[in-house]
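Visitor: Please give me a close look at one part of this model, namely the links between side chains. I should like them set against the chain as a whole.

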Amino acid sequence: MACRDIRRHKGRSLLIIALIMFPVAGMTGAATLFQSSQETAAERVQYQLGNTQARFRALPAMNALMVQDPLTETTVASTAGDPDPDFRAADPKDVLPSGYEVLTESSLNITAEVEEADVPLMGKAVDALNPAFVGKYTLLQGRSPAASDEALVSTGFLARFGLQLGEKLTTSAGTFTAVGTLRDAGYSDGNAILFLKPGQGNVESTPERSGRMSGTLYYLLGPAPVTWAQVREANKVGVAVLSRNVALNPPPANLRSVDGSPPSYVPAPPLSGYLTGGLIGALALLEVGLLAGAAFAVGAKRQVRDLALLAASGADGPTVRTVVTAGGLWLGTVAVVCGAAVGNAGAAAVVIWARHQGSVRLPGFHPDTLLTATAMVMGLGACTLAALVPARQVARQAVLGALKSGRAPSDSGKWAPRLGVLMLVLAVVLFAVGSGLGLVGDDPDLLSSRGPLLAALLIGGAVLTVAALVLLTGTVVGFLTLRTAWLPLPLRMAARDSARNRSRTVPAVAAVLAAATLASAGIVLASSQQEDAKRTHYWSALQNQGVLPLSEPGPLHADGTVPEPKAIDPGVLTMALKQESSTVAWTQVLNSHQPENCDMRPTPDRSIPAVTETSNCLVYALAVPEGNECARTAQGRVKDITDWRCQGSMQPYGGGQIPSLVVGGAAELRAVLGRNASPEALEVLERGGMVVSNGVFVRDGHTAVQANDVRRPLSGSFNVFAGYETVSSTELPAVVEAPPVPVPFYGVISAATADRLGLRAAPRALLVQLTDFPSAAEQDKMSAALATVYRSPIYGLHVEPGTNRDDSWMIWSIVGISALITLSAAGITTGLALADARSDHMTLAGVGAPPRLRKGLAGAQSFMTAALGTVLGLVAGVIPAALIVAATRMFSGTNVPWLQLLALLIAVPLTGAVLAWLFTRARLPMSRRSAST
């Protein structure tokens with residue numbers, strides 16, 4: 001009977017299938033795409049090694065007790081001990097095992113001419129078309145270079161410079177003809193990359209700052225695998241190895257650390273992503289379940305006569321219930337199977353398209369069987385539950401009453417509101433417990449361990465809140481109906497009809513409620529994330545400011561000593577920038593200190609003082625007074641990001657473009673603060689004190705300036721770098737002048753104070769203020785101008801973009817999408833309700849009601865359904881979302897966009913009413929029953 005009813009009412013059946021199918025497809029596709037973004041070991045080996053056995057490169061090691069990660073070779077998975085000053089890392093080429101053919105890949109410093117601008121680009125010296133690199137490099141178009149002036153390029157290279165294959169481009173390495181496009185599996189096609197063969201062109205490889213490596217990677221081609229034991233031996237001398245054998249057959253955890261214990265580096269799970277996805281997924285399934293429930297309710301009422309005849313022939317209540325429930329099982333099974341197929345097919349299409357476009361964001365297609373099965377079970381459960389409620393209602397109806405041609409309102413009973421109140425109380429309890437676990441205490445490490453429990457409590461509370469409000473909807477409708485006497489006639493009729501026919505009103509309001517809950521929760525989460533991005537933005541300088549160095553170091557000498565840096569004339573830099581860009585407002589030279597000619601070799605002579613006549617190994621910082629420390633957990637997390645001791649300049653992390661300690665006066669203060677300094681600050685500066693950017697470094701009107709030796713690094717928890725050893729500390733009078741945003745610098749002292757401290761100040765940086773953020777063309781022109789001053793193309797003007805002040809369009813776009821989702825739910829449920837109420841409209845027409853009244857009644861019914869559902873949905877969405885953000889501390893604070901929520905509350909009911917009025921036909925279609933009479 002269920003199958004026959006499905007075939008007879010194809011439109012309603014397809015609607016239910018679509019309602020369940022699309023959310024299942026969305027969840028399945030999202031889960032598959034997330035898994036597809038995670039690179040597997042086999043894919044990493046293919047994309048990084050090709051057909052070679054291993055790759056050797058430098059490891060950032062500070063001693064011989066460091067162990068790399070087996071898959072990501074440059075990540076240090078385990079280490080022990082302090083930095084070893086006697087440790088000397090080896091060059092990778094000196095530790096290559098014998099018996100292999102060695103292929104090299106080097107990074108190159110190259111610039112290209114674009115409209116008189118020298119634009120830096122990525123260059124590689126590698127025999128890319130060697131069969132050993134199949135899978136790593138792929139020739140897309142063209143042919144292999146046959147001459148020394150021919151080269152392969154990436155697709156992004158052609159687009160960046162407006163070239164076609166066969167055309168020439170002049171670079172710093174020479175003039176080359178692009179004869180083919182090459183894809184590097186490790187980079188997206190959009191990158192501008194020039195591929196040369198080793199030794200081709202007039203170019204040098206990129207030097208590493210340590211001076212022990214020439215930026216060259218060494219690939220081993222041969223039959224024998226490189227073992228984990230060989231990798232560990234290479235790690236001991238500061239060399240990292242990506243081995244095919246080790247990556248595909250990783251060693252046990254006890255062999256991945258120095259002392260045999262498990263690795264200390266364990267990536268933290270993305271708690272905020274899981275919580276957001278779980279909440280949105282649960283509310284989405286709840287919404288579609290309620291929408292399907294409304295469709296099943298209408299179908300069951302249409303079936304009531306057939307089911308009554310079945311009951312009259314001897315079928316008991318469970319049998320009648322099973323007929324309706326079986327329809328839910330059939331439709332749910334078809335929906336979840338189709339949804340899983342559509343979701344995986346869509347994800348596969350996205351992956352294929354992304355790989356075809358040369359994107360590296362999706363390494364391969366990785367269907368997630370567990371998450372797909374979970375989504376299918378949830379979808380099938382939602383559909384079955386949606387059919388179960390109307391099945392119970394139909395089964396309870398009296399046989400003789402169902403066989404009557406008339407219709408009487410069904411008795412809803414008192415169990416629904418009582419159960420709703422009970423569920424609402426339980427939801428409040430879950431919220432209270434979850435919020436208590438998240439808000440009580442100040443240990444983020446403990447909070448992170450409570451993540452799964454918090455997710456279960458808060459998401460469970462959100463779902464229970466929606467369910468409780470659904471059960472209370474009938475009571476709310478009845479309460480509002482008693483207070484509608486003052487409303488116009490269509491609204492009064494709609495209110496009374498809603499109270500009289502609660503079996504169709506409640507599912508319609510419930511579906512809109514769930515949609516509005518989903519929409520409002522998404523708006524609050526998105527707004528909080530956006531506000532958090534503004535609060536935690538890293539300011540390298542004030543907005544539209546950039547910093548250029550006024551000295552250019554050269555490469556290290558063969559003995560490891562640092563050559564004399566090249567001094568840069570700030571006047572030449574200013575003139576070059578102003579000639580190429582009209583946005584340069586002013587420039588300011590910043591005097592400061594920096595280490596000079598410091599012996600940074602692995603085995604320096606410790607008897608040499610930190611400061612001599614020819615060298616300086618000191619850097620300066622401000623001490624944090626006792627009690628002003630930013631509290632951190634045992635794992636290094638900041639306990640409370642809103643604590644004043646963890647905010648402001650140089651907190652909780654320091655370092656930026658501006659020199660940390662500026663030597664100057666009023667002009668320098670105006671430049672770094674963006675305003676004139678106060679008279680008090682200038683007076684303290686004149687008296688030999690310091691103008692400090694953050695009050696956390698000041699106590700009782702004084703601050704301590706520390707001189708630290710860069711030759712003696714310190715390590716903190718988990719062997720993380722913790723600064724340098726302090727040589728001396730001097731207290732100075734201090735006054736706080738905080739910049740408008742937390743620009744990372746300590747403050748400003750006068751030249752006389754710098755001399756008294758022994759601080760060797762000199763012009764170190766040029767601060768450039770622009771009137772607006774430069775376009776790409778302006779950046780190219782300024783890069784070209786700077787290339788005429790600096791010897792290396794790596795120096796460019798990085799302009800601080802600041803936070804996007806006009807990003808409200810993002811929230812409004814989310815509001816628009818949310819309104820569309822809520823309107824679709826309102827439209828579906830209103831259409832089902834109007835279909836169920838067709839006999840009422842025919843009665844109105846029969847007693848002489850004009851078409852205008854019937855259209856007004858349809859609009860009023862849609863308005864009441866959408867308004868009540870949206871109001872309840874905002875309550876059920878905003879409160880749980882705000883509690884989740886506050887309790888889990890996934891963002892720095894909760895931000896509720898009241899204006900956007902008010903727009904959603906106004907737009908959805910009004911738009912729904914207008915659409916219902918427009919699409920309600922003035923002339924009713926003649927039904928079979930009316931035709932016979």
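Guide: What follows begins with the whole chain and then turns to its salt bridges, its aromatic pairs, its disulfide and some further local features.

The model is predicted: local features need pLDDT of at least 70, side-chain atom pairs count only at pLDDT 80 or more, and totals for chains, interfaces and linings use all residues. Residues are numbered from 1 along each chain as its sequence is written, while side-chain values use heavy atoms and leave out hydrogens and water.

The protein chain contains 25 helices and 23 strands; these are DSSP runs numbered from the N terminus, helices being H or I of at least four residues and strands E of at least two. Of its 933 residues, 47% are buried, where buried means under 20% relative accessible area, exposed over 50% and partly exposed in between, with a 1.4 Å probe and protein chains only. Among contacts with a separation of 6 or more, 79% involve residues 24 or more positions apart, a contact being heavy atoms within 4.5 Å. The chain exposes about 43,600 Å², of which carbon and sulfur atoms supply 60%; accessible areas come from the Shrake-Rupley method with a 1.4 Å probe, and for residues only the protein chains shown count as cover.

The salt bridges come next. The whole structure holds 12 of them, each defined by a side-chain nitrogen of Lys or Arg within 4 Å of a carboxyl oxygen of Asp or Glu. One of them joins Glu-73 to Arg-55, with the closest N and O atoms 2.7 Å apart. This pair links distant parts of the chain, 18 residues apart: Glu-73 is in the loop between strand 2 (66-68) and strand 3 (76-79), and Arg-55 is in strand 1 (residues 54-58). Glu-73 counts as buried because its relative accessible area is 0%, and Arg-55 is buried at 2%. Arg-183 and Asp-189 also meet in a salt bridge, at 2.7 Å from N to O, and both residues are buried. In the bridge between Glu-233 and Lys-236, the closest N and O atoms are 3.4 Å apart. Glu-233 has 48% relative accessibility and therefore counts as partly exposed; Lys-236, at 41%, is partly exposed as well. Elsewhere, shared partners join Glu-39, Arg-44, Arg-55, Arg-57 and Glu-73 into one network of salt bridges. Arg-44 of this network is also among the buried residues of helix 3 (residues 41-49), which include Glu-43, Val-45 and Tyr-47. Gly-50 follows helix 3 and has a positive phi, near 65°.

The aromatic side chains supply another kind of link. Five aromatic pairs are found in the whole structure; rings of Phe, Tyr and Trp (its six-membered ring) pair if their centres lie within 6.5 Å, and planes under 30 degrees apart count as stacked, over 60 as edge-to-face and the rest as tilted. Phe-133 and Tyr-219 form an edge-to-face pair, because their ring centres are 5.1 Å apart and their planes stand at 85°. Phe-133 lies in the loop between strand 5 (117-126) and strand 6 (137-142) and Tyr-219 in strand 11 (residues 216-221), so this pair ties together parts that are 86 residues apart in sequence. Both Phe-133 and Tyr-219 are buried. Ring pairs link these two with Tyr-137 and Phe-195 into a cluster.

The covalent link is the disulfide. In general, a disulfide is a covalent bond between the sulfur atoms of two cysteines; here the rule is a pair of cysteine sulfur atoms within 2.5 Å. The count comes to one, formed by Cys-630 and Cys-646 with their sulfur atoms 2.0 Å apart. Both cysteines lie in the loop between strand 17 (618-622) and strand 18 (661-663), so the bond ties together parts that are 16 residues apart in sequence. The link is right-handed, with 105° about the S-S bond, and both cysteines are buried.

Two backbone positions complete the picture. Most residues other than glycine have a negative phi. Asn-544, however, has a positive phi of about 65°, in the loop between helix 15 (502-535) and strand 13 (545-549); its relative accessibility of 12% makes it buried. Asp-700 also has a positive phi, of about 55°, and lies in the loop between strand 19 (690-692) and strand 20 (702-715). Asp-700 is exposed, with a relative accessible area of 72%.
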